[in-house]
Amino acid sequence: MDDDLQIDSDEELFRNPVYYEPAGRNLDLDRPDLGVPQGEDLLKKLLGMRRRVPVDKRGLICPDCRDLRGRRVPMFLVERDGVWLASHYRKPGEKPISHESDEHLARKERVAKDSEDHGFSADIESQTADGHARLDVRISGANGIVLGYEPQLSAQTTRGIRARERFRRRGGIQSVWDFADPDHAGIGTVPY
């Protein structure tokens, strides 16, 4: 039953919130209790559904897709290095779901255009060579330096930001994060 799951890229997994419909609230996958009463039992229950209950019947959905697009998009749990993450359910070959706001898209386009206007090539939505990170804007700078411009408008955990930065560094990318919120958890955690 889970054999047809298409998993989000490692980077995309870190930024996905997940909503549990029966409890009517988001789960905090950074906490062992998921941020809900009897959360450890809930995690066991959700994991026990694997291969027995269809993904769209498990009660995990994307709150962003629901709130921003009016769509019910099922999610499932994936473990990476002992950390539980939420992935969108999509069939193999289907395009990943974008959570990018108009402001986020505009920032990417502006930085790419400004870079090109100053003589540096820039690509929007570019994968690192190892395929583990997707750069919002990849800028080929002087002396072979590759920069990844990352506008971050939504709230993220420090843990998630650090993990995303590790994927970039492993791919040989020097990041420049752009935080709209002056109190964002990523400030001081990653280059900004």
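Student: Let me start with two aromatic residues: are Trp177 and Phe179 buried or exposed?

Tutor: In this predicted model, Trp177 is buried, and Phe179 is buried too.

Student: How should I read the way their rings sit together, and what kind of pair do Trp177 and Phe179 form?

Tutor: In general, the distance of the centres and the angle of the planes describe a pair of aromatic rings. A search of the whole structure turns up two aromatic pairs. The pair of Trp177 and Phe179 is stacked, with 6.1 Å centre to centre and 10° between the planes. Ring pairs also bring in Tyr192, giving a cluster of Trp177, Phe179 and Tyr192.

Student: Phe179 is on my screen now. Which residues does His184 touch?

Tutor: Leaving out residues up to four places away in sequence, His184 touches Gln152, Ser154, Ala155, Gln156, Ile161 and Phe179. You will find His184 in the segment after β9 (174-179).

Student: Why does His184 count as buried?

Tutor: Buried means under 20% relative accessible area. His184 counts as buried because its relative accessibility is 7%. Its side chain also has a polar atom 2.9 Å from the backbone nitrogen of Gly186.

Student: Ile161 was among those contacts. Which residues of α5 are buried?

Tutor: Here is the general idea: an α-helix has 3.6 residues a turn, so residues three or four places apart point the same way. In α5, the buried residues are Gly160, Ile161, Ala163, Arg164, Glu165, Phe167 and Arg168. The helix covers residues 158-170, 13 in number, and reaches 18 Å from its first C-alpha to its last, close to the 18 Å expected. Just after α5, Gly172 has a positive phi of about 75°.

Student: Now the nonpolar interior. How many residues does the largest nonpolar core have?

Tutor: That core has 18 residues, and Leu27, Leu46 and Leu60 have the most contacts inside it. At least two of its residues come from each of β1 (18-20), α2 (39-48), β4 (75-80) and β5 (83-88). Helix α2 gives the most, with three residues.

Student: What does Leu27 touch?

Tutor: Not counting residues up to four places away in sequence, Leu27 touches Val18, Tyr20, Leu34, Val36, Leu42, Leu46 and Leu60. Apart from the largest core lies another, of six residues, including Val111, Ala122, Val137 and Tyr149.

Student: One last ring, please. What sits over the ring of Tyr19?

Tutor: Look for the charged end of Arg66, which lies over that ring, 4.2 Å from its centre.

Key. Residues are numbered from 1 along each chain as its sequence is written. This is a predicted model: local features need pLDDT of at least 70, side-chain atom pairs count only at pLDDT 80 or more; totals for chains, interfaces and linings use all residues. Side-chain values use heavy atoms; hydrogens and water are left out. Helices (H or I, at least four residues) and strands (E, at least two) are DSSP runs, numbered from the N terminus. The expected span of a helix is 1.5 Å times one less than its number of residues. Buried means under 20% relative accessible area, exposed over 50%, partly exposed in between (1.4 Å probe, protein chains only). Rings of Phe, Tyr and Trp (its six-membered ring) pair if their centres lie within 6.5 Å; planes under 30 degrees apart count as stacked, over 60 as edge-to-face and the rest as tilted. A charge sits over a ring if NZ of Lys or CZ of Arg is within 6 Å of the ring centre and within 35 degrees of the ring normal. A nonpolar core is a set of buried Ala, Val, Leu, Ile, Met, Phe, Trp, Tyr and Cys residues joined through side-chain atoms within 4.5 Å. Contact means heavy atoms within 4.5 Å. A polar contact is a pair of N or O atoms within 3.5 Å; within protein, one must be able to donate a hydrogen and the other to accept it, and residues adjacent in sequence count only if both atoms are side-chain atoms.
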